[in-house]
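Q: Please take a close look at one part of this structure, the aromatic rings and the pairs they form, and explain it step by step for someone in the first year of study.

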Amino acid sequence: QYTNRSCEECLKNVTCLWCVSSQKCMEYPVRRILPPTDLCELRSARWGVCWVNFEALIIAMSVVGGMILIMLGVCCCCCCRRKSKKPDKDDERAAREREKRRVRQEERRAEMKSRHDEIRRKYGLFKEENPYAKFEN
């Protein structure tokens, strides 16, 4: 009923397809994703809006879909790479420095303990393992 009118009038009804080459308004073949070429060529078919044909719509959707897939792939690769990444030079250097600090602190702690023990011995404050050992003789 919208044939020989305009594209805008035809596409007001969402179930309709406008063919520019034949200037016909027809019902969209919903059983197929794309309209068959014997009905209307893809570059002449309009659906939804008059300024975009099916060919451009397919190309644009393919590009957008491809970009999304590429971005997802890059994100997945980056995330996986970070998780399985071996410790880099900074991490190794920090671990070595931590170990050196720990060893130095142990040495200082042992040195301080020996000094304190020496002072305790000097003033008779050193606690022996058996406090009655000095009375046995």
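A: In this predicted model, a good place to begin is Trp-47, which is partly exposed, with a relative accessible area of 41%. That label follows because a residue counts as buried under 20% and as exposed over 50%, with partly exposed in between. Tyr-28, by contrast, has a relative accessible area of 12% and is buried, and Phe-54, at 6% relative accessibility, counts as buried too.

These residues belong together, since ring pairs link Tyr-28, Trp-47 and Phe-54 into a cluster. Searching the whole structure gives two aromatic pairs. In the pair of Tyr-28 and Trp-47, the ring centres are 5.6 Å apart and the planes stand at 35°, so this pair is described as tilted. Because Tyr-28 sits in the loop between S2 and S3, while Trp-47 sits in the loop between S3 and helix H2 (54-83), the pair ties together parts that are 19 residues apart in sequence.

Tyr-28 also pairs with Phe-54: here the ring centres lie 6.1 Å apart and the planes are at 20°, so the pair is stacked. The reasoning rests on the angle, because planes under 30 degrees apart count as stacked. This pair links distant parts of the chain, with Tyr-28 in the loop between S2 and S3 and Phe-54 in helix H2, 26 residues apart.

The strands named here deserve a look of their own. Three strands form an open sheet, in the order S2-S1-S3, with antiparallel pairing. Strand S2 (24-27) and strand S3 (45-46) are at the edges and have a single partner strand each, so one side of each is left without a neighbour in the sheet. Four bridges pair S1 with S2 in the antiparallel sense, and two bridges join S1 (residues 16-19) to S3, again antiparallel. Trp-18 shows both contacts, standing opposite Cys-25 in S2 and having Arg-46 as its bridge partner in S3. Both faces of S1 are covered, for Cys-16 and Trp-18 on one side are buried, as are Leu-17 and Cys-19 on the other. In the hairpin of S1 and S2, four residues lie between the strands, and Gln-23 takes a positive phi near 55°.

Finally, there is a record to set beside the model: an unreviewed UniProt entry places the feature "transmembrane region" at residues 56-80. In the model, that span is 100% helix and 0% strand, and its end C-alpha atoms lie 36 Å apart.

Notes. Residues are numbered from 1 along each chain as its sequence is written. This is a predicted model: local features need pLDDT of at least 70, side-chain atom pairs count only at pLDDT 80 or more; totals for chains, interfaces and linings use all residues. Side-chain values use heavy atoms; hydrogens and water are left out. Two strands pair if DSSP finds at least two bridges between them. UniProt positions are given in the numbering used here, feature names are shortened, and annotations may be inferred rather than shown by experiment. Buried means under 20% relative accessible area, exposed over 50%, partly exposed in between (1.4 Å probe, protein chains only). Rings of Phe, Tyr and Trp (its six-membered ring) pair if their centres lie within 6.5 Å; planes under 30 degrees apart count as stacked, over 60 as edge-to-face and the rest as tilted.
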